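Student: I'd like to learn how to read a fold from its coordinates. Can we go through one together?

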Amino acid sequence: MSMIDPTRVRREALRWLVLLVLNNARPIGAFEGPVLSVAQAEYPDATSLELRRELEYLAERALIRLDKQPGGRWFAQLTRHGTDLAEYTVDCEPGIARPAKYW
């Protein structure tokens, strides 16, 4: 019997949430502050560090572009592939908790 890892579930769900927020912020993108506010609506104890860790992960997978500004703020935008993933036009590889398409 496999055990559920709540840390992994949260991490992968947060990645999906970030993609949805940035999809709704298209074509402009969003600073990390508003993205964190949405994340905290789902996970009240979410931190900026936790969000930045997942933003880095999504950037490494080329799903988002990150602009780490000199003042310390991060700005994120979906890439073409990130948009396709959020719109269910491409398959989702493991690591992101995208729900199954039901329509």
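## Reading the fold, feature by feature

Tutor: Happy to. This is a predicted model. Let's begin with one residue and its contacts: leucine 19 touches Leu58, Leu63, Ile64, Leu78, Leu85, Ala86 and Ile96, leaving aside residues up to four places away in sequence.

Student: Which residues touch the most other members of the largest nonpolar core?

Tutor: The general idea comes first: in soluble globular proteins, nonpolar side chains tend to be buried together. Here the largest nonpolar core has 25 residues, and Leu19, Leu22 and Ile64 touch the most other members. Two or more residues come from each of α1, α2, α3 and β3. The biggest giver is α1, with seven residues.

Student: On to the sheet. In what order do the strands lie?

Tutor: To read a sheet, follow who pairs with whom. Three strands make an open sheet here, ordered β1-β3-β2, with antiparallel pairing. β1 (30-31) and β2 (64-68) are the edge strands, and each has a single partner, so one side of each has no neighbour in the sheet.

Student: How many bridges join β2 to β3?

Tutor: Five bridges join β2 to β3 (residues 74-78), and the two run antiparallel. You can check the register with two pairs: isoleucine 64 has leucine 78 in β3 as its bridge partner, while lysine 68 is bridged to tryptophan 74 in β3. β2 and β3 form a hairpin with five residues between them, and glycine 72 in the turn has a positive phi of about 105 degrees.

Student: Where else is there a positive phi, just after a helix?

Tutor: Look at alanine 62, just after α3: its phi is positive, about 60 degrees.

Student: What do helices α1 and α3 do relative to the sheet?

Tutor: For packing, ask which strands a helix meets and at what angle. Helix α1 (residues 6-24) lies across β1, β2 and β3, and runs at about 80 degrees to β3. Helix α3 (residues 48-60) packs on the sheet too, touching β2 and β3, with its direction at about 125 degrees to that of β2.

Student: How far does α3 reach from its first C-alpha to its last?

Tutor: The trick is to compare the end-to-end span with what the rise per residue predicts. α3 has 13 residues and reaches 18 Å, close to the 18 Å expected at 1.5 Å a residue.

Student: Which residues of α3 are buried, and which are exposed on the face turned away?

Tutor: Here you look at where the buried positions point around the axis. In α3 the buried residues are Glu50, Leu51, Glu54, Leu55 and Leu58. Their arc around the axis is only 135 degrees, which puts them on the same side of α3. On the face turned away from that buried side, α3 carries the exposed residues Leu49 and Glu60. As for partners, the buried residues of α3 pack against α1, α2 (32-42), β2 and β3.

Student: What about α2: which residues are buried there?

Tutor: Same reading. Glu32, Val35, Leu36 and Ala39 are the buried residues of α2. They span an arc of only 100 degrees around the axis, which places them on the same side of α2. Their cover includes α1, β1, α3 and β3.

Student: Is glutamate 32 buried or exposed?

Tutor: Go by relative accessibility, where buried means under 20%. Glutamate 32 is in helix α2, and at 11% relative accessibility glutamate 32 counts as buried. Beyond residues up to four places away in sequence, glutamate 32 touches Ser48, Leu51, Arg52, Leu55, Gly72, Arg73 and Trp74.

Student: And which strand holds alanine 30?

Tutor: Alanine 30 sits in strand β1, and is buried with a relative accessible area of 11%. Again leaving out residues up to four places away in sequence, alanine 30 touches Leu22, Ala25, Val35, Trp74, Phe75 and Ala76.

Student: One last residue: where is alanine 86?

Tutor: Alanine 86 is in helix α4 (residues 80-86), and is buried at a relative accessible area of 8%. Compare separation in sequence with distance in space: alanine 86 and leucine 63 are 23 residues apart along the sequence, and their C-alpha atoms are 9.6 Å apart. Among residues beyond four places away in sequence, alanine 86 touches Trp16, Leu19 and Asn23. That brings us back to leucine 19, whose contacts include Ala86.

How values were computed
Residues numbered from 1 in each chain as written. Predicted model: local features only at pLDDT ≥ 70, side-chain atom pairs only at ≥ 80, totals over all residues. Heavy atoms only, no water. Pairing = 2+ DSSP bridges. Helix = DSSP H or I, 4+ residues; strand = E, 2+ residues; numbered from the N terminus. Contact = heavy atoms within 4.5 Å. Axes fitted to C-alpha atoms, helices over the stretch in contact; angles between N-to-C directions. Expected span 1.5 Å × (residues − 1). Buried < 20%, exposed > 50% of the residue type's maximum accessible area, 1.4 Å probe, protein only. Arc of directions from axis to C-beta. Core = buried A, V, L, I, M, F, W, Y, C linked by side-chain atoms within 4.5 Å.
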